[in-house]
Amino acid sequence: MSENAIRIRGGNGPDAARVSVFYDGACPLCRREIGFYRRCEGSEAVEFVDISKGAGGEAAPGLSRDEAMRRFHVRGADGKIVSGGMAFVELWKALPGFRQLGRLLSLWPFPVLLEGAYRAFLVLRPALQRLARD
């Protein structure tokens, strides 16, 4: 299966404990950021799923493609899907170079601050996308 295919897995397969990152591959900002994470040590243990390639339906069980296109989502090793600032925390905890940062930022009050920063980014995202395309 290609890296851009939408994979739908149950929780019992060989990759059940694998972290999955759902990102908008049509977004130039998202592509750059995911490219950075793909080059990080330990990224081979992370599944990067470009949800811009699919059409409708689910990006993963419990996550519609429309939801996944609106916000950054990560399915943690525990199978729980989180979005926004906490999705970054889950990704960082999966990468050795960011693991300590991810653990620290999972403690209160950081989740609230990260979510606020992520929501501010969402407001700016369309303008930043235009700049990245130019």
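By how many helical turns are E90 and K93 separated in helix 3? The two residues sit three positions apart in that helix, residues 85-94, so about one helical turn lies between them. This is a predicted model. In it, E90 and K93 form a salt bridge, with 3.2 Å between the closest N and O atoms. The two partners differ in exposure class: E90 is buried at 18% relative accessible area, while K93 is partly exposed at 28%.

That pair belongs to a longer list. The count of salt bridges comes to five. Another of them joins E47 and R75, whose closest N and O atoms are 4.0 Å apart. Here the partners come from two strands. E47 lies in strand 2, residues 46-50, and R75 in strand 5, residues 73-75, so the salt bridge ties together parts that are 28 residues apart in sequence. Buried or exposed, what is E47? E47 is buried, with a relative accessible area of 4%. R75 is buried as well, at 10%. Both values fall under the 20% cut-off for buried residues.

Next comes helix 5. E115 and R71 meet through their side chains in a salt bridge, at 2.8 Å from N to O. This pair also links distant parts of the chain. E115 belongs to helix 5, residues 110-133. R71 sits in the loop between helix 2, residues 65-70, and strand 5. The two are 44 residues apart. E115 is buried, with 18% relative accessible area. R71 counts as partly exposed, at 22%. Its value lies between the limits of 20% and 50%, so R71 falls in the intermediate class.

Which residues share a network of salt bridges with E115? They are R71 and R119. The E115 and R71 pair is thus not isolated: R119 is linked into the network too.

E115 has a further role in the packing of helices. Helix 3 and helix 5 pack with their axes 7 Å apart, at an angle of about 115°. Helix 3 brings G85, M86, F88 and V89 to this contact. Helix 5 brings P111, L114, E115 and Y118. By class, six of the contact residues are nonpolar, one is polar and one is charged. The charged one is E115, because Glu counts as charged. The polar one is G85, because Gly is classed as polar.

E115 therefore appears in two settings: the salt-bridge network with R71 and R119, and the contact between helix 3 and helix 5.

Methods
Residues are numbered from 1 along each chain as its sequence is written. This is a predicted model: local features need pLDDT of at least 70, side-chain atom pairs count only at pLDDT 80 or more; totals for chains, interfaces and linings use all residues. Side-chain values use heavy atoms; hydrogens and water are left out. Helices (H or I, at least four residues) and strands (E, at least two) are DSSP runs, numbered from the N terminus. Buried means under 20% relative accessible area, exposed over 50%, partly exposed in between (1.4 Å probe, protein chains only). Axes are lines fitted to C-alpha atoms, for helices over the stretch in contact, and angles run from 0 to 180 degrees between N-to-C directions. Contact means heavy atoms within 4.5 Å.
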